[in-house]
Amino acid sequence: MSRNWSLILVVAFALGFGLKSYLDHQSQVTPTSDGRDASILYGEQGQPVDIFDSSDPRIRVVYFGFTRCPDVCPTSLAMLAGALNQVGEEVQHQFRPMFISLDPERDAAADAHRYAQYFHPSIEGLSAPLEITTPLAHRYGVIFRKTELENSELGYTLDHSSYFYFLAPNGTLLTKVPHTLTPAPIVEALNTVTKQPQQTDKK
């Protein structure tokens, strides 16, 4: 009898572990309503980019914004570029900086990439339909909304939160740095986050 119970417990544990692994995977990669992978965005020349590609061990530094942002986005990307220039190459090569547009209506992938490259050659500029970028942004607590602008050629702007999100290759949030007017907080994060245990075993 005890042997049977032991077998039952082993089977139950295996099933439970398998279910947990499946749910963990689902929480890391959320498909869109049309079945597309929510981690696939579009970058240079409109090419698809898997931002959580498990073969790339670099820590992602993600900033969500839009190219027509009048002040917050350019300031933030300038601070990120400044931070990247202040750390040594050995540290810099451990990171994959990304600018993800929240305004695909006006920011084509090529435009987002060109905008990001203006600040630093290592920053990837990415864009995708809102059904992809919205759940991705909400996953990390990004708040954004469209605000109509009367008597303006722009038509509208986006109000959005401003953080740098440091993510493990599988998308796990490691830390985040709020909007800053100096590169120092970003430099500190770049120098310390690599010392944390990384979750790279699953996507």
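# A walk through a predicted protein chain

Let's begin with how far this model can be trusted. It is a predicted model, and the mean pLDDT of the protein chain is 83, with 78% of its residues reaching 70 or more. One stretch needs care: over residues 1-36, pLDDT stays under 50. For that stretch the model has 22 contacts beyond four places in sequence. Where pLDDT is low, the predicted coordinates should not be read in detail. With that in mind, we can turn to other parts of the chain.

Here is the overall picture. The protein chain contains 6 helices and 9 strands. It has 203 residues, of which 44% count as buried. Among the contacts with a separation of 6 or more, 68% are made by residues 24 or more positions apart.

Now look for the sheet. It is an open sheet formed by 5 strands, in the order 5-4-3-8-9, and its pairing is mixed. At the edges you will find strand 5 (124-126) and strand 9 (173-178), each of which pairs on one side only. From one strand to the next, the twist averages 25°. As a reminder from general biochemistry, strands of a sheet pair through backbone hydrogen bonds, either parallel or antiparallel.

Strand 4 is a good place to pause. It covers residues 95-101 and is joined by 3 bridges to strand 5, the two running parallel. Strand 4 also pairs with strand 3 in the parallel sense, this time over 7 bridges. You can follow both pairings from a single residue, Ile-100: its bridge partner in strand 5 is Leu-126, while Phe-64 stands opposite Ile-100 as well.

How many residues of strand 4 are buried? The count is 7 of its 7 residues. Both faces of the strand are covered: on one side sit Phe-95, Pro-97, Phe-99 and Ser-101, and on the other sit Arg-96, Met-98 and Ile-100.

One of the elements lying across strand 4 is helix 4. This helix, residues 109-119, lies across strand 4 and strand 5, and it runs at about 150° to strand 5. Its buried residues are Ala-109, Ala-112, His-113, Tyr-115, Ala-116 and Phe-119. They are on the same side of helix 4 because they cover an arc of only 160° around the axis. The face turned away from this buried side carries the exposed residues Arg-114 and Tyr-118. As for what the buried residues pack against, the partners are strand 1 (40-42), helix 2, strand 4 and strand 5.

Between strand 4 and helix 4 there is a loop, and Arg-106 is found in it. Is Arg-106 buried or exposed? It counts as buried, because its relative accessibility is 16% and the cut-off for buried is under 20%. The side chain of Arg-106 makes a polar contact of 2.7 Å with the side chain of Asp-103. It also reaches the backbone oxygen of Leu-154, at 2.9 Å. Leaving aside neighbours within four places in sequence, Arg-106 is in contact with Phe-66, Arg-68, Asp-111, Leu-154, Tyr-156 and Thr-157.

Next, move to helix 6, residues 184-193, where Ile-186, Val-187, Ala-189, Leu-190 and Val-193 are buried. Why do these residues lie on the same side of helix 6? They do so because they cover an arc of only 160° around the axis. The buried residues of helix 6 pack against several elements: strand 3 (59-65), helix 2 (72-86), helix 3 (89-92), strand 4, strand 8 (163-167) and strand 9.

Our last stop is the loop between strand 9 and helix 6, where Thr-180 lies. Thr-180 counts as buried because its relative accessibility is 7%. Its side chain reaches the backbone oxygen of Thr-182 at 2.7 Å. Not counting residues up to four places away in sequence, Thr-180 touches Thr-75, Met-79, Phe-164, Pro-185 and Ile-186. Ile-186 is one of the buried residues of helix 6 you have just met.

To retrace the route, start at strand 4, with its 7 of 7 buried residues, and step to helix 4, which lies across strand 4 and strand 5. From there, go on to helix 6, whose buried residues pack against strand 4 and strand 9, among others.

Note on methods: Residues numbered from 1 in each chain as written. Predicted model: local features only at pLDDT ≥ 70, side-chain atom pairs only at ≥ 80, totals over all residues. Heavy atoms only, no water. pLDDT = per-residue confidence, 0-100. Contact = heavy atoms within 4.5 Å. Pairing = 2+ DSSP bridges. Helix = DSSP H or I, 4+ residues; strand = E, 2+ residues; numbered from the N terminus. Axes fitted to C-alpha atoms, helices over the stretch in contact; angles between N-to-C directions. Buried < 20%, exposed > 50% of the residue type's maximum accessible area, 1.4 Å probe, protein only. Arc of directions from axis to C-beta. Polar contact = N/O pair within 3.5 Å; in protein donor to acceptor, adjacent residues only side chain to side chain.
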